[in-house]
Amino acid sequence: MNLLSGIKRKLNMLLLMILSLITILPIWFVISGSFMGSGEFSKNFSSVLSNSSGKVSWPLIPHYPTIRSYIELLIDTPRFFVVFWNSCKQVFPSLLGQLLIAVPAAWSFARFNFKGKRAVLTLYIILMIMPFQVTMVSTYLVLDRLGILDSHWSIILPATFSTFPVFIMVKFFKAIPASLFEAASIDGAGEWKIFISIGIPVGRGGIISAMILGFLELWNAIEQPLNFIKTPSRWPLTLFIPGISPGKAGISLVASVIMLLPALLLFLYGGQYLEQGIMVSGIKE
Amino acid sequence: MFQRIKNYFSREYSRTLTKNSKDKRISLSSVAGRLLIIFFLAMFIFTFVSRAAASFTVAKVSVSSPERNRLLYSISGIGEIIPSNEELLHVESGYRIDDVYVSVGEKVNKDTVLFCYNMKDLKDKYDTIENDIEKIKLQISMEKLRQQSTEGVSIKPYLMSIEHAEENLEVAKKKLAEAKRDYEDSMHKAEKKEDEIWQKEHESRQKQYNKALREYESLVFRQEKQLKQSARAIDDAKAKLLQANDKNNEINPLIDNYIEALNSKDKGLIYFAEKVIFESFYGEADSYEQHKDAVFNMALSAQQDGYYLWYLKNSFLRYEEQLYTTLNSLENAKNSRDQSDESKQSYEYLKERYLQAWQDFSLVIGEYEKQINLIESDLDVKSGELKKLRRDDKKLKEYLEALALALEKKADIKDSRKKLYDFVMGDKAKLINEEVDIATQALTRAEEDYELLKKEYDLEREDLQLEITELKDAVVSMENETYDSLAGLESKEQAVKAAEEAVRLAEQTVETNKLQYEITNNQNSNEITTQTAELNLQSYYMDIHKKEKEGEEVSKLIESSGEMLSPYEGVITHIGLEAGRSTTGEEIIKVGTGNYVFKGAFTRDENISIELGGGVDISLAGNARAIESEIGKVSINTDGMTEFISSLPQVGDYYLGKKAEFKISTESEQFNQCIPIQALREDNYGYYVLVIGEQEDILGMQIIAERRNVNLLAKGTSVAAVEGLIGKSQIITDSNKYINAGDRVRIE
């Protein structure tokens, strides 16, 4: 019995390892490719680059690893930093806005009962599940009317009023036991004090989770800047990377690695909260 | 052992996991958070680093705007030091040069021997000039003679002259053709192999020599023929003069005969002597008879009854014939040598008959004269006509009687004789005298023509003999292999020139003679003839003056042993002579005199103009400081280059022929759009400039270099004039690295 369970466990491990490899290999290819020299890259991907028939080979480890592409991108390509900081300009104000708008909103939905609460929450959920392509035109018209098209605000403002973080944080705030609030009230704490001193610290996981998910969404956003920003100097990284010519594929891979890094580090930083958030929301990004 | 170690690690791992699982998670999050901060810090730093790196990679450019300006041109080149003044020396043509004593750059004093002509050539030339002068003098003499005998001159000498001149022209043309052929042959031969050339040259020379001999014989024949014709012309002239003199002397014997008759006192003889004089007065016997008939008829027509006069006339004629017959018989008898009695008796008889005949005749003729005189004195109407007819008869009779009276008185008959002679001759005396003068002149001219012709022929013969001698010498020289082909070629060239000159002179002579012939033939153009003769004489005098001058120059050279002396003190700057070669007169010898100047030359662009007085910097090798001078003289040399002269300080470290570098700065007209020359670029599509432009990209508004095509109007040393730029374009004039259109740049 023990032998059978042992074998079964090993098979599961093997299966999981295979599945993990399928997930990890693309990331590994990107990372290893970023250390590949242009000559080796051309040799391995000649059929793709020249749009001809043939096989593509992607070694796990480059034969002649080099950081030339890193130097070229980080030292010789100031344009990359423009788009990098453009992404930052669009992401972090959006997250800040979400903190200011979504946290109180979620607290209100979780803590208070008011007329039409259910209807509004339903509307939030409906808006949340709507794909971007559906709301794109109406959003464009609104942004145009507001006169903020082709600016960072055209990304920041819609993201600030996103429904998704509200949805996540409502769940977290609702999970806080009501007795905790009552005790605070007995101790003489007002609503603001309860929100600041109990709601936010206790619901920190939800807030962080919402922020991490929001970061991942905004950091990887491509449709919004593509539609709302025309000026290249305001483009984020997501639009810059596809624009790199095939001849500069090494730079493209380095840019991909750099784009990947903050998301990865943020995931590692708030992984536990993210798990909670994912569990709460039941949404997998 | 292995199992124990494995268990130990397994146990420790499990303990660590269970104990620090929470701490470990916190630690990973904390590290990730730190890494995240580090990541953004790194990105922040790299942002600055990349920007800083970009400042090194983006070209820094200098810009300027097009301006209204003038172009500055800088012309530089190499020139040399030359004398400020150059004197060109004349070189006589047609002489060989024996030696050249100086070379370029050599200093010479006045009277320094420069080179030496060949003395033989000089002497030959002098002889030729002397001959030419003699010929011209002869032509002058001929012209003078022609001028003197313009009136009444026969055209025959002119025809002869024309014929002679044409023959000379033919001969000259033949000689010219031969000389040309000879020269061309020589030229042709120079291109062939030496042996072949020598053989053919020798044959040619031999042929020429033989031909010259034949020509000489032919010339002698023609000359003799011409001389015979000329001598014949002299004989004709002499005959005409004799004839004229005969006409002049035909009356004197008649007068002498009359005087002799007077001295004999024979009245019959005196009558016939007078009659002969009368006949001579009226031209001839028939004329006198016609005159007497006219007198008789006029007298007869004036009378109502003319029978008596008619009777007297017939008797007069009959007795006159009788008198003449008896006189002849008596003269024959007188001249007879028969001294017999019978002859004496016959003579006496004849004398008696003669005297009787004279008495009869004298009666009749006395009566006849008396009747005529009566009619003449009686008639009023026709006496005038009769008197006119008989006036000369009476005058002649008076002169005859005057002579008879003078003879009778034994006085001097010279005056009366002359008067008689003059009267009898009348106008004829003047005509005869003129005829004698013309005949005398014609004879003199014919004799002079003969002499001139003879002298000219002698000269021609001498020339031809000289030519024959030269040809013979050339043949002999060739056989001795000492013949100088080059000298031969040059001498042949000279021969061609001489032959051409001879043809020209011969043509001129033919034309002159034809003109004179035409003028003379027209008989009414003495003035034109005179003017033509004057013009010819002037031409001859000019020729002779020229020849004499040439002769003097050659004579001076001969006196100085053919040495050409420098008339100036200076430096030889050019000498185009070579010993052994013949001169053509185009050789250049220059003597530089005065101070030194600088001469530079350069190829001038259309837009560049240099001015007199403009500045020029002259840099001499070894001198750090350039000499600042001015452009003194500008000209175009034979190579089409612009040449200028600049003065130099009197004292300096330079010498004749020293090379030096020059630099001239000048400026053009004003152009509206001038840009620095380094801003102008050129490729397959033409001229263009890069201007500052702006472009929106990821990095924002970027400054880039944009291309602007322009038309180049002119290009100076540092500035170019263009058109096609719009407004105040900022033109990129310089950059710290190579840039192309579209490159990012930043303005310094």
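1. Chain B mixes both kinds of secondary structure, with 14 helices and 19 strands. Here helices (H or I, at least four residues) and strands (E, at least two) are DSSP runs, numbered from the N terminus. Keep in mind that this is a predicted model: local features need pLDDT of at least 70, side-chain atom pairs count only at pLDDT 80 or more, and totals for chains, interfaces and linings use all residues. For bookkeeping, residues are numbered from 1 along each chain as its sequence is written, chains are lettered from A and ligands numbered from 1 in the order in which they are written, and side-chain values use heavy atoms, with hydrogens and water left out.

2. Staying with chain B, 37% of its 748 residues count as buried. Buried means under 20% relative accessible area, exposed over 50%, and partly exposed in between (1.4 Å probe, protein chains only). The chain exposes about 44,700 Å², with carbon and sulfur atoms supplying 50% of that area; accessible areas come from the Shrake-Rupley method with a 1.4 Å probe, and for residues only the protein chains shown count as cover.

3. Two cysteines to look up in chain B: B:Cys116 is buried at 10% relative accessible area, and B:Cys674 is buried as well, at 4%. As for disulfides (a pair of cysteine sulfur atoms within 2.5 Å), a search of the whole structure turns up 0 over all chains.

4. Chain A comes out with 16 helices and 0 strands. Of its 285 residues, 42% count as buried. Its accessible surface is about 16,100 Å², and 68% of that belongs to carbon and sulfur atoms.

5. Have a look at helix α1 of chain A (residues 2-34), where A:Ile22 sits. A:Ile22 is exposed, at 55% relative accessible area. It belongs to a nonpolar surface patch of about 910 Å², whose members include A:Leu3, A:Ile7, A:Leu11 and A:Ile18. Patches are made of residues with over 30% relative accessible area and no salt bridge; like charges are joined within 9 Å, nonpolar side chains (Val, Leu, Ile, Met, Phe, Trp, Tyr) within 5 Å.

6. Now the interface. In chain A, 25 residues are in contact with 23 residues of chain B, contact meaning heavy atoms within 4.5 Å. The two chains bury about 2,200 Å² between them, 80% of it on carbon and sulfur atoms; buried area is the accessible area (1.4 Å probe) that two parts lose on being put together, summed over both. Salt bridges (a side-chain nitrogen of Lys or Arg within 4 Å of a carboxyl oxygen of Asp or Glu) number 0 across this interface.
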